[in-house]
Amino acid sequence: MANIQKLIERMRYWCLDVSLGYDQTNRWDIRPGGEADCSSLVIHCLQEAGFDTGAASYTGDMSAALTAIGWVRLPNNGSPQAGDILLNDADHVAVYLGGGQLAQASYDENHQASGGASGDQTGHETNVSPYYNFPWNCYLRYTGSQDNNSQPTPDNQGDDDMTNAFFFAFKNSEGSLQGPTKFFDGSRIHPLAHGDEMKAIGMSIKAATGKDVPTYVFPSGPWQTRFEDAIQRANS
């Protein structure tokens with residue numbers, strides 16, 4: 001059954017986790033290393049999330065097709081809700097993820113509608129970006145029944161772990177930091193070799209989940225060792 005959270009997860013997956021390029025000519029080649037355009041990506045993700053998309057096939061017919069099967073067309077008031085479809089009827093469509101972010105297929109590596117190589121050549125052909133006004137003619141919002149107990153699809157099962165991730169370090173008896181900062185991904189511990197690794201991990205998780213990664217400094221004592229021993233046993 002349809003689920004808005006799964007729609008958000010699938011848009012994040014295709015725009016962040018795999019290399020999906022932009023091409024209007026080859027727009028239904030939606031696979032890692034393939035191609036989509038803005039409307040084919042949204043329609044595909046709606047279907048993956050259990051939604052009936054009716055006769056929707058491109059931006060120009062999306063409003064009519066979806067409002068006939070459980071969606072409502074709302075004015076652009078600058079305050080979309082997570083899962084809203086952001087629609088410019090003539091030119092563009094995206095999905096609002098919440099937290100000030102949207103997911104979209106934008107353009108190929110040459111800033112053209114078609115003709116580029118397969119896959120995301122720039123890291124931005126499909127992307128998660130801060131919310132902006134295209135301008136959107138409307139927001140399409142789902143008002144039908146949902147499966148609120150649906151589980152994330154397999155290639156997103158790590159997302160919940162990422163929201164529990166944190167960096168940690170250890171203080172010695174003098175109160176100074178001792179040893180390298182480490183990263184706990186919700187399951188395993190990863191020592192960091194460079195300060196920029198901490199920054200890069202934090203930026204990527206922020207982009208994917210909208211949440212900052214906290215940092216915890218263990219006080220002097222055996223607590224870091226106890227924590228690491230417990231995690232190692234859990235993964236043995």
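These legends accompany several close-up views of a predicted model of one protein chain.

**Figure 1. The whole chain, before we zoom in.** Let us start with the overall picture of this predicted model. The secondary structure of the protein chain comes to six helices and 12 strands. Of the 236 residues in the protein chain, 43% are buried. Take the contacts between residues at least 6 apart in sequence: 62% of them join residues at least 24 apart. How sure is the predictor? The average pLDDT of the protein chain is 85, and 86% of the residues score at least 70. Please read one stretch with care: over residues 150–161 the pLDDT stays under 50, and the model has 18 contacts beyond four places in sequence for these residues.

**Figure 2. Helix α1 and its cap.** Helix α1 covers residues 4–17, which makes 14 residues. From its first C-alpha to its last, α1 reaches 19 Å, close to the 20 Å expected at 1.5 Å a residue. Look at the N-terminal end of α1, where Asn3 acts as a cap. A side-chain oxygen of Asn3 lies 3.1 Å from the backbone nitrogen of Gln5. Is α1 mostly covered or mostly open? The helix is mostly covered, with 11 of its 14 residues buried. Among the buried residues of α1 are Ile4, Leu7, Ile8, Met11 and Trp14, and the list also includes Lys6, Glu9, Arg10 and Arg12. Here is a handy reminder for looking at any α-helix: there are 3.6 residues a turn, so residues three or four places apart point the same way.

**Figure 3. Ala82, a loop residue that touches α1.** Find Ala82 in the loop between β3 (71–75) and β4 (85–88). Ala82 counts as partly exposed because its relative accessibility is 41%, and the partly exposed class lies between 20% and 50%. Which residues does Ala82 touch, not counting those up to four places away in sequence? They are Ile4, Ile8, Tyr96, Leu97 and Gly98. Ile4 is a nice example of how a chain can fold back: Ala82 and Ile4 are 78 residues apart in sequence, yet their C-alpha atoms are 8.0 Å apart in space.

**Figure 4. An open sheet of six strands.** The six strands follow the order β3-β8-β4-β5-β6-β7, and their pairing is antiparallel. At the edges are β3 and β7 (126–130), each of which pairs on one side only. From one strand to the next, the twist averages 30 degrees. As background, strands of a sheet pair through backbone hydrogen bonds, either parallel or antiparallel.

**Figure 5. Strand β8 between its two partners.** Strand β8 (residues 138–142) is joined to β4 by three bridges, and the two run antiparallel. One place to look is Leu86, whose bridge partner in β8 is Tyr139. With β3, strand β8 pairs in the antiparallel sense over five bridges. There, Arg73 stands opposite Leu140 in β8. Five of the five residues of β8 are buried, so this strand is largely enclosed by the rest of the structure. In a regular strand the side chains alternate between the two faces of the sheet. In β8, Cys138, Leu140 and Tyr142 are buried on one side, while Tyr139 and Arg141 are buried on the other.

**Figure 6. Ser63 meets Arg73.** Ser63 sits in helix α3 (residues 59–67). Why is Ser63 called buried? Its relative accessible area is 11%, and buried means under 20%. The side chains of Ser63 and Arg73 are joined by a polar contact of 2.9 Å. Leaving aside neighbours within four places in sequence, Ser63 is in contact with Arg73, Leu87, Asp89 and Leu140. You have already met two of these residues: Arg73 and Leu140 stand opposite each other.

**Figure 7. Helix α2 lying across the strands.** Helix α2 (residues 38–48) lies across β3, β4, β5 (92–98), β6 (101–105) and β7. Relative to β5, α2 runs at about 45 degrees. Nine of the 11 residues of α2 are buried, so the helix is largely enclosed by the rest of the structure. The buried residues include Cys38, Leu41, Val42, Ile43, His44 and Leu46. Following α2 comes Gly50, with a positive phi near 90 degrees.

Terms used. Residues are numbered from 1 along each chain as its sequence is written. This is a predicted model: local features need pLDDT of at least 70, side-chain atom pairs count only at pLDDT 80 or more; totals for chains, interfaces and linings use all residues. Side-chain values use heavy atoms; hydrogens and water are left out. Helices (H or I, at least four residues) and strands (E, at least two) are DSSP runs, numbered from the N terminus. The expected span of a helix is 1.5 Å times one less than its number of residues. Buried means under 20% relative accessible area, exposed over 50%, partly exposed in between (1.4 Å probe, protein chains only). A polar contact is a pair of N or O atoms within 3.5 Å; within protein, one must be able to donate a hydrogen and the other to accept it, and residues adjacent in sequence count only if both atoms are side-chain atoms. pLDDT is the predictor's confidence in each residue, from 0 to 100. Contact means heavy atoms within 4.5 Å. Two strands pair if DSSP finds at least two bridges between them. Axes are lines fitted to C-alpha atoms, for helices over the stretch in contact, and angles run from 0 to 180 degrees between N-to-C directions.
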